[in-house]
Amino acid sequence: CAERATFARAIVEGYEPGDFTVAAITASPCGGCRQWLAEMRVERVVFRNGGRVVTLTPDELLPESFDSAGLA
């Protein structure tokens with residue numbers, strides 16, 4: 001789960017959610033990493049899947065995800 005490790009390190013270095021526009025990774029991310037992508041507010045996720053390059057939003061990768069803003 002390189003995505004989680006990378007974001008954890010970025011947070012230690014001072015980055016915050018919303019600082020990342022795109023995450024380019026080698027394969028479709030696992031569920032835990034999808035959650036990190038959503039929480040870090042990445043706009044697009046690019047990866048290879050079945051010989052093609054796919055670009056999706058975190059919402060497309062993790063539909064019906066928890067959103068604390070919707071609790072008000």
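Analyst: Two strands count as paired if DSSP finds at least two bridges between them, strands (E, at least two residues) and helices (H or I, at least four) being DSSP runs numbered from the N terminus. The structure is a predicted model, in which local features need pLDDT of at least 70 and side-chain atom pairs pLDDT 80 or more, while totals for chains, interfaces and linings use all residues. Residues are numbered from 1 along each chain as its sequence is written, and side-chain values use heavy atoms, leaving out hydrogens and water.

User: How do you know that E2 and E3 pair, and in which sense do they run?

Analyst: Five bridges join E2 to E3, and the definition asks for at least two, so the two strands pair. Their directions are antiparallel. Among the bridge partners, Arg48 is matched with Val53 in E3, and Val46 with Thr55 in E3. E2 and E3 form a hairpin with two residues between them, and Gly50 in the turn has a positive phi of about 65°.

User: What makes E1 and E2 a pair, and in which sense?

Analyst: Three bridges lie between E1 and E2, against a required two, so they pair as well, in the parallel sense. Ala24 has Val46 of E2 as its bridge partner. In general, strands of a sheet pair through backbone hydrogen bonds, either parallel or antiparallel.

User: Why are E1 and E3 called edge strands?

Analyst: The open sheet has three strands in the order E1-E2-E3, with mixed pairing. Strand E1 (22–24) and strand E3 (52–56) each pair on one side only. From one strand to the next, the twist averages 20° (angles run from 0 to 180 degrees between N-to-C directions of axes, which are lines fitted to C-alpha atoms, for helices over the stretch in contact).

User: What handedness has the β-α-β unit made by E1, H2 and E2?

Analyst: The unit is right-handed: with the strands pointing away from the viewer, the path from the first strand over the helix to the second runs clockwise. Helix H2 covers residues 31–39 and contains Ala38.

User: Why does Ala38 count as buried, partly exposed or exposed?

Analyst: Buried means under 20% relative accessible area, exposed over 50%, and partly exposed in between (1.4 Å probe, protein chains only). Ala38 has 23% relative accessibility, so it is partly exposed. Val22, in strand E1, stands at 39% and is therefore also partly exposed. Val22 touches Val42, Arg44 and Val46, not counting residues up to four places away in sequence (contact means heavy atoms within 4.5 Å).

User: Why is the pair of Phe7 and Phe20 called edge-to-face or stacked?

Analyst: Rings of Phe, Tyr and Trp (its six-membered ring) pair if their centres lie within 6.5 Å; planes under 30 degrees apart are stacked, over 60 edge-to-face, and the rest tilted. The centres of Phe7 and Phe20 are 5.2 Å apart and their planes stand at 75°, so the pair is edge-to-face. Phe7 belongs to helix H1 and Phe20 to the loop between H1 and E1, 13 residues apart. Tyr15 and Phe20 form a tilted pair, 5.6 Å centre to centre with 40° between the planes. Together, Phe7, Tyr15 and Phe20 form one aromatic cluster.

User: Why is Phe20 buried, and what is Tyr15?

Analyst: Phe20 has a relative accessible area of 19%, and therefore counts as buried. Tyr15, at 45%, is partly exposed.

User: What makes up the largest nonpolar core?

Analyst: A nonpolar core is a set of buried Ala, Val, Leu, Ile, Met, Phe, Trp, Tyr and Cys residues joined through side-chain atoms within 4.5 Å. The largest holds 12 residues, among them Phe7, Phe20, Met40, Val42 and Leu61. Helix H1 (2–12) and strand E2 (44–49) each supply at least two of its residues. Met40 touches Phe7, Ile11, Glu16, Pro17, Gly18 and Phe20, not counting residues up to four places away in sequence.
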